[in-house]
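Thank you all for coming; I would like to take a few minutes to walk through one model. Please have the structure open as I speak.

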Amino acid sequence: MPLLTVSQINRYLASKIGGDKILQNILVKGEISNFVHHIRTGHFYFSVKDEVSSMKAVMFKTAHHNLKFMPEDGMSAVFSCDVKVYETGGYYQLVVKDIIPEGAGKQSVALDQLKKKLAAEGLFDQSAKQSLPHMPKKIGAVTSLTGAAIQDIIRVLSRRYPICELYAVDAQVQGESAPDSICRGLMCADNAGCDVIIVGRGGGSAEDLSAFNTEKVARAIYACKTPVISAVGHEVDFTLADLAADMRAPTPSAAAEQAVPDIRTIMEQIDALEKSCHREAEKCISKAEDSLKALSSALSAQSPENRLKLMQQQLSTLESRNSSAFEAILSRLDSRLNENIARLDSLSPLKVLERGYSLVYSGEKLVRSKNELAVGDSVQLRFHEGGASAEIKEVW
Amino acid sequence: MEEKITFEENMKKLSAVVAELSKGEIPLEKAVELYGEGVRLAAVCKKQLSEAQIKITEDGGFAAPENNYD
């Protein structure tokens, strides 16, 4: 037999009970007793009992700060809770997440179930929400035409967007016939060519919200082809109507604000559009001016005066090129002449004669070979200085 | 004639004129024409807004459903 510690047993029981789905996320009905609001921790400690037995319960500060009432001894209620083991103390208790007072509790549970059912059908899906038109022409209002709500709506619309048309459908918002009346009003507005529909009632939290928590009203809102804004006039509670609507507003005035743009904003938009008109037109004109300038300067470049000027320029350029070319040729010729003179000088026979050679002429002809001579021929000799005549005596 | 065209339609037209003008690649003559149209539309829109008076239609046919229902 294993030897166990107390902690081990408590831990085992904690995991056992904590893992049991039957004991988690449950609704427990009972009466509150021995209620203590623990000052230091801020938690609620109490017992939940019925005629026969009782159970310890705790509601932590984080859970009860949303509670709209203070629990007290003798209060009958439904507790939304988990059963947990308090390991240190070795006892089990209800860890309460919400307290729904009896009476209101029954309705609330039914409403909760209805909410879950409609949610499962997709009535509250974000993807099903229609977006509101930016500038609605016709606004439908389904509410009591003798109530404050319609006056609020008219006041806001007149101030913000007087260009719209209001289609006000009278509907009872309280009492037994209210749900049917609201449904018919919605259908009426939906078929009247409205761009957006506001459905709701005036403020005053004491008023009954139940018509807006009925299944038929939620379905009627969901069925509207026109975007619907709910304005049930309650800051905190979300009714089924709010959840099914495309947009929720806390009050009818707020709904009217959401339904239409502000005329001042529209005026600013018009001004901005007008300014863009000016700017864009000016851009077009300056662009046209630019291309005109470019064309006219291209044109004046082609004028006769300009061409003449251009040709004169070309002529003077050619002239100067011509004369410089001529001068270059001249100087080149000059240097070549000097070169030739120098070469001529070095090749001159007179230079050779200077060195002691003589030239022999037969008549006008320079004698280069003995074959040109015969004995007895008369020849002329030419020296560096002067000349002489001679007769050929012998040829060899 | 302008009264027949709704404010929303005029606003749409004005936006279209500005969009057309902003394209840039349009002939000058067309730009001048569009500009004139834009200025005219802006004036009409402003006039329509400033003279607007909310129009209320009441439908009380279903105010008391228990009387004509059931």
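I will begin with chain A, then turn to the contact between the chains, and end with the helix pairs found there.

What you are looking at is a predicted model, and every value I quote is computed from it. Chain A contains 11 helices and 14 strands, and of its 396 residues, 25% are buried. If we take the contacts in chain A between residues at least 6 apart in sequence, 61% of them join residues at least 24 apart.

Let me pause on helix 5 of chain A, which runs over residues 178–190 and spans 18 Å from its first C-alpha to its last, close to the 18 Å expected for its 13 residues. This helix is mostly covered, with 12 of the 13 residues buried, among them the charged side chains' owners Asp180(A), Arg184(A) and Asp190(A).

Now to the contact between the chains, to which chain A brings 35 residues and chain B 36 residues. On the side of chain A that touches chain B, at least two residues each come from helix 4, strand 7, helix 5 and helix 9, and helix 9 gives the most, with 13 residues. That side of chain A divides into 23 nonpolar, 5 polar and 7 charged residues.

So which helices of chain B does helix 9 of chain A pack against? One of them is helix 2 of chain B, residues 28–51, where the angle is about 165° and the axes are 9 Å apart; the two helices are therefore roughly antiparallel, and their crossing is left-handed. The residues that meet here include Ile263(A), Ile270(A), Cys277(A) and Ala288(A) from helix 9, and Leu28(B), Tyr35(B), Ala42(B) and Leu49(B) from helix 2. By class, this contact has 18 nonpolar, 1 polar and 2 charged residues.

The other is helix 1 of chain B, residues 7–22, which packs with helix 9 of chain A at an angle of about 25°, with the axes 9 Å apart, and that makes the pair roughly parallel. Here, too, helix 9 of chain A passes helix 1 of chain B in a left-handed crossing. From helix 9, Leu273(A), Ser276(A), Cys277(A), Glu280(A) and Ala281(A) meet a set in helix 1 that includes Leu14(B), Val18(B) and Leu21(B), and the residues of this contact divide into 7 nonpolar, 3 polar and 1 charged.

If you compare the two lists, Leu273(A), Cys277(A) and Ala281(A) of helix 9 meet residues of both helix 2 and helix 1 of chain B.

Technical notes
Residues numbered from 1 in each chain as written. Chains lettered and ligands numbered in written order. Predicted model: local features only at pLDDT ≥ 70, side-chain atom pairs only at ≥ 80, totals over all residues. Axes fitted to C-alpha atoms, helices over the stretch in contact; angles between N-to-C directions. Helix = DSSP H or I, 4+ residues; strand = E, 2+ residues; numbered from the N terminus. Parallel < 35°, antiparallel > 145°, perpendicular 65-115°, else oblique. Left-handed = near helix turned anticlockwise from the far one by under 90°. Expected span 1.5 Å × (residues − 1). Buried ≥ 20, exposed ≤ 12 C-beta atoms within 10 Å, placed from the backbone.
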